[in-house]
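Work through the exercises below with the sequence and the 3D structure at hand. Each one sets a task and then solves it step by step.

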Amino acid sequence: MFSLGPIGFSAPWLLLALVALPVLWWLLRAVPPAPIRRVFPGVILLLGLDDKDHETDRTPWWLLLLRLLAVAAMIVGFAGPVLNPEPRVPGSGPLVVLIDDGWAAAPDWPARIEAAERALKTAQAAGRRAAVVLVSQPPRDPGELPLRAAGDAAAALPGLAPRPFAPDHGPMLDWARGLDASAQVETLWLSDGLESPARADLAGVLADLGPLTVLEPPAPRLGLRPARIEGGMVQVTALRSRPAGAQEIAITGLGPDPAGVERALVRATLDFADGASEARAELSLPPELRNRVARFEIEGLRAAGAVTLADDSLRRRKVALIEGGAGREGLELLSPLHYLREALTPTAEVLEGPLADLVATGPDVIILADVATLAPAGAEALQTWVAEGGLLLRFAGPRLAAADAGRGDDDPLLPVRLRAGGRSLGGAMSWGAPRALAPFAEDSPFYGLAIPDDVTVSAQVLAEPGPALAERTIAALADGTPLVTRKALGDGQVVLVHSTANAEWSSLPLSGLFVQMLERLAVSTPAGSPDRGELAGTTWLPERLLDGFGALSDAGDRPGIAGEALTGTPGPELLPGLYRAEARRVAVNVLGPEAVLGAADWPMGITPEWQDAGPERDLSGWLLMAALALLAADILAALALSGRLAHGAGSAAAGLALALVVLTPGETRAQDGIDLATIAAADNVTLAYVRTGNPGIDRVSEAGLAGLSDQIFMRSSVEPSPPAGVDLEADELAVYPLIYWPVTADQPTPSDAAYARLNAYLRAGGMILFDTRDGDIAGFGSGTTAEGARLRSLARPLDIPPLEPVPSDHVLTRAFYLLNDFPGRHAGREIWVEAAPPDAERADGMPFRNLNDGVTPVVIGGNDWAGAWAVDETGQPMLPVGRGYAGERQREMAYRFGVNLVMHVLTGNYKSDQVHVPALLERLGQ
Amino acid sequence: MTRLRPRAEALADPLPPLLARARHLAAGIVLGEHGRRRPGLGDAFWQFRPAQPGDPARAIDWRRSARSDQHFVQEKEWQAAQAVMFWVDRAASMRFASGKGLETKAERAALIALATAILLVNGGERVGLSETEAPPMRGPLQLERIAAALAEPGAPDYGAPHLATLPRHARAVFLSDFLGPLDPVEAALTTAADRGVTGALLQVLDPAEEGFPYGGRTVFQSVGGSVAHETRQAGDLKARYLDRLAERKARLDELARRTGWQYHLHHTGDAPSSALLWLYRALEGRI
């Protein structure tokens, strides 16, 4: 490729055409501009005047230059100029592209893949073989080189993604040591720039094998340590790999808002001081907010290390404590709640108060200490709360032992049935010594906790033996009697400790085991990250896992991992993410609380590079655009020169607009979404009918509404447009004030979306006139006809208020005409409208009740109004109504009903206003 | 029916505005009749003179006579109508305006002519068009007739004075750009002078004709298209064109002076009232 400075050309021979530019210059000078024709009455005075200078007026030099520039831009543009062309340095031998695929490579991953792709394309052009090796997945055998054609190797590149941990270079070192030294392997190492123990050695080995190029971005890598709670503040620490100059980064705490939508809950900036590699921010968050924060991340950085997940350690659970017998003043140490309070206050938000209030605050845990009976309402609320996912922890005590709760039949708020009385051990009147605890079974949530020797239980309530008892027991005494039982209730669970929460019956509350057991039950949360011992014996299921870019995804059904492994460094076996055991959740983060980021150090002689010049960029498009722009300018300039521009400013503007249209990239999109019919309907009052799919009925509906529209046009100042048929599934309804819906027996049920829109239409003040058209054979609402039954099923999902037959004082009876009944083709059947409010009162001396509110959203009847209204093209009635003069009278009444209906829709309850009462009274002859 | 009315309206259209504008223009000048500056029949007081034998007794102004021992007769100013004939060039060359904001020379000439006619009619004179056979008359109807005649475009490229009706000792006003051949003008002026007719020449020119703001390769053609001239460097012609124009103006002026007429140059870029004022003064001075 021929290149000039940073610009190369793909078709350099085209540049030879530039030689022709001087010829063009001469040609342009030689050809005179076209003459302008001017009307000028004074021409008669010009006759016979000769030009003194026989040389034509020349094209001005700047116009020539403009044209030459345009042509030059075109020539250069077609020659395929490329900015920063890749130097195609031919190499030989196999090429190994070694990619650090740790999380630190994620922020500039596309650039890395591009760099690898360029290298492989060059190699492909040179016919070399190549291998792509990921540091996290070294080839299995040392020395094995998975060489392929460079093109094939490049084809696999887009599928690669960074891993969410920092890979170990140790296995790579072993592999590289096994490579054949005589193979002259050239290596391109895309480094993530993080310190790694074996990195320097690996670089040394690879440099010995052949040329080694290291690409490493100069910017320091950034990471976040897990957020901690320090003195009530949330502390977030950011790290960077190289102590560069002062730097400011922004972090965001993300979590679900009260509606459950994930959004940024807190935002803070962290300042790295000059030369510092750590920056810290302390955030003061209200507990409500803090509990919702699910993760912190560095803004604008897509990398697993720049995300730190929050788990239970950042959360303070809300625990409600309820004591059985209040009013035992002065016996603080004997209070059943004392030890619980002491154990929970450091790690949880403790609430106390009446049960009803506490349930309403939505606590995570409710602890009932020796509460035997609950008021029925309280018990019900508590049961609902547990079923929705709450944890109810109960402690036994003298009251529970004495009460009847849980005897005889199952109490939903007790995990087991209890035997009367309980037992005491080691007292003056008993033989046995106080019992110690048996080791926890493997399926117990307490499995793995060490049991101190001095924990004994001297009294307890006893569970009634039963088939479910064994599986509900999660802790037992040495003699096998259950100490802690548990059962699930809905999404939550009920746990009963068969001993007291104070030291009265047991020394358990005095021991550290008590606190640990509370933690295991997720009643309280541990102060810091769980340590190894604490996690021993537990199994954790991954819930959500991080990918290399720091995005969370569902873990699917990946196997659980042992608790001991959780504290290790993330790697292929322990992917960072959120792990859950029972109700507890632990986050495994890429960077641990003690993590430090260090910059990669390279042996002498290896200098990492990173292309600053930017990727290859094809300039031909820009040059051709410039040529077009110059030509457009030339048009205007030529017009201006010849004086045509001044003459026709309009044509100049048109030319300019044309140039802009030509030069404006992108596409013009038609406005979509609203069709012409809707726009037309929105312009003017338009009545609409629901298309039933039955052509005959649809025809009558349309003709009926057309007839009604004509009558309204003639009789009132409303001048409706021709009626429209609407498709409930597709059309916009909001533009129609009134929709006529003839019900047919075989009408398809609208979809849920259509119902949603119909309900929105009704709520927004629309009206639907349902017509079962069966008024001749059935009373409305009997459901005896097919249409009636269909109407019931059609209208069921609709948001229809209570209905009543039209009362004689309904505003429909006087919206325009004074009407007594509302016939269509069938007469005399009652029609139904929204019921009047029950408190509507009729004032003294007034014929109407005071119903000043709202337009009925539906009018339901079966009189086949459209049939009575329908007219054909010539304006003649389409269908017969009744017989003779009485029939015509009925048709007239049908029209009057239609007019009243439209008036009612358009003017609301205007006629219901008491202002009109005197006039109406006079009219009514009262 | 449906097409007749728009056509009729289009036909009638130019008249009222032209008349209205001309009236508006004339209203700014003067009102009233114009006496002949000598005693005679009329309405306006001219002078008292001592009664002489032969004066009828009822001619004596008793109120004046009562103040002295002599008898006086009140004489009125002689107010006799004079005929003013207009020739307004309606040739194609007059239908030219160099800019959008300018009216054509024909429009301007018609406007000034009609305004002058209105003034004269208001002053009790008779007005008429020299190219028609109709005698000069007075009254609004005559103004309508003149306006209608002025609205009709003429066919030839350049116009020449046409003197179909020119009563002896009448006054005449020629309005034209006088860009056509000057011989007919000279002949007309000579004829007029022979009949004792004097008047005014008003040359109406467009600013472009005065300034010649052209350059580059240009084909100039007359409005009618009968004459064309191509040049490669229009800018070079400017000086020589202006010379020829000045020469023409001088010739016109000289012709006018020789025949006792008055000559004035008016540009369509200027306000029409100045030309009207000049024209009115020119006529007034002689009448």
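A nonpolar core is a set of buried Ala, Val, Leu, Ile, Met, Phe, Trp, Tyr and Cys residues joined through C-beta atoms within 7 Å. The model used here is predicted.

**Exercise 1. Find the residues of the largest nonpolar core that touch the most other members, and the helix that gives the most to this core.**

Step 1. The largest nonpolar core has 70 residues. The residues that touch the most other members are B:Phe86, B:Ile112, B:Ala113, B:Leu114, B:Ala115, B:Ala117 and B:Val173.

Step 2. Turn to the elements. Helix α4 of chain B, residues 105–122, gives the most, with 13 residues.

Step 3. Take B:Phe86 and set aside its neighbours within four places in sequence. Its contacts are then B:Ala113, B:Ala117, B:Val127, B:Leu129, B:Ser130 and B:Val173.

Step 4. Look for a second core. A separate one holds 57 residues, including A:Leu358, A:Ile366, A:Ala396 and A:Val461.

Step 5. Place this in context. In soluble globular proteins, nonpolar side chains tend to be buried together.

**Exercise 2. Locate B:Phe178 and B:Phe212, two residues with positive phi that are not glycine, and decide whether each is buried or exposed.**

Step 1. Read the backbone angles. Phi of B:Phe178 is near 50°. For B:Phe212 the value is about 50°.

Step 2. Place them. B:Phe178 sits in the loop between β5 (171–176) and α6 (183–194) of chain B. B:Phe212 sits in the loop between α7 (207–211) and β7 (218–221) of chain B.

Step 3. Apply the cut-off: a residue is buried if 20 or more other C-beta atoms lie within 10 Å of its own. B:Phe178 has 27 such atoms, so it is buried. B:Phe212 has 21, so it is buried too.

**Exercise 3. Describe the side of chain B that touches chain A.**

Step 1. Count the residues. On chain B, 28 residues are in contact with 23 residues of chain A.

Step 2. Name the elements. β7, β8 (228–231) and α8 (234–259) of chain B each give two or more residues to this side. The largest share, six residues, comes from α8(B).

Step 3. Sort by residue type. The chain B side divides into 12 nonpolar, eight polar and eight charged residues.

Step 4. Check for strand pairing between the chains. Strand β3 of chain A (residues 36–39) pairs with β7(B) in the parallel sense, over four bridges. Here A:Val39 stands opposite B:Gln221.

Step 5. Add the confidence figures. The predictor gives the complex an ipTM of 0.75 and a pTM of 0.43.

**Exercise 4. Set β1 of chain B against β5 of chain A: how many residues of each strand are buried?**

Step 1. Start with β1(B), residues 45–50. Of its six residues the number buried is zero, so this strand lies largely in the open.

Step 2. Find its partner. Five bridges join β1(B) to β2 of chain B (residues 72–76), and the two run antiparallel. B:Gln47 stands opposite B:Glu75.

Step 3. Move to β5(A), residues 95–99. Five of its five residues are buried, and the strand is mostly covered.

Step 4. Split β5(A) by direction. A:Leu95, A:Val97 and A:Ile99 point one way, A:Val96 and A:Leu98 the other way, and all are buried.

Step 5. Find the partner of β5(A). Strand β6 of chain A (residues 129–134) pairs with it in the parallel sense over five bridges. The bridge partner of A:Val97 is A:Val132.

**Exercise 5. Trace the open sheet of seven strands in chain A and find a helix that packs on the sheet.**

Step 1. Write the order. It is β19-β18-β20-β21-β28-β27-β26, with mixed pairing.

Step 2. Mark the edges. β19 (348–352) and β26 (473–476) of chain A each pair on one side only.

Step 3. Take the twist. Neighbouring strands are turned by 20° against each other on average, direction ignored.

Step 4. Inspect one pair. β18 (residues 317–323) and β20 (residues 365–369) of chain A run parallel over five bridges. A:Val319 stands opposite A:Val365.

Step 5. Add the helix. α11 of chain A, residues 376–387, packs on the sheet and touches β20, β21, β27 and β28 of chain A. Its direction makes about 115° with that of β28(A).

Definitions and conventions: Residues are numbered from 1 along each chain as its sequence is written. Chains are lettered from A and ligands numbered from 1 in the order in which they are written. This is a predicted model: local features need pLDDT of at least 70, side-chain atom pairs count only at pLDDT 80 or more; totals for chains, interfaces and linings use all residues. A residue is buried if 20 or more other C-beta atoms lie within 10 Å of its own, exposed if 12 or fewer, and partly exposed in between; C-beta atoms are placed from the backbone. Two residues are in contact if their C-beta atoms, placed from the backbone, lie within 7 Å. Ala, Val, Leu, Ile, Met, Phe, Trp, Tyr, Cys and Pro count as nonpolar, Asp, Glu, Lys and Arg as charged, and the others, Gly among them, as polar. Two strands pair if DSSP finds at least two bridges between them. Axes are lines fitted to C-alpha atoms, for helices over the stretch in contact, and angles run from 0 to 180 degrees between N-to-C directions.
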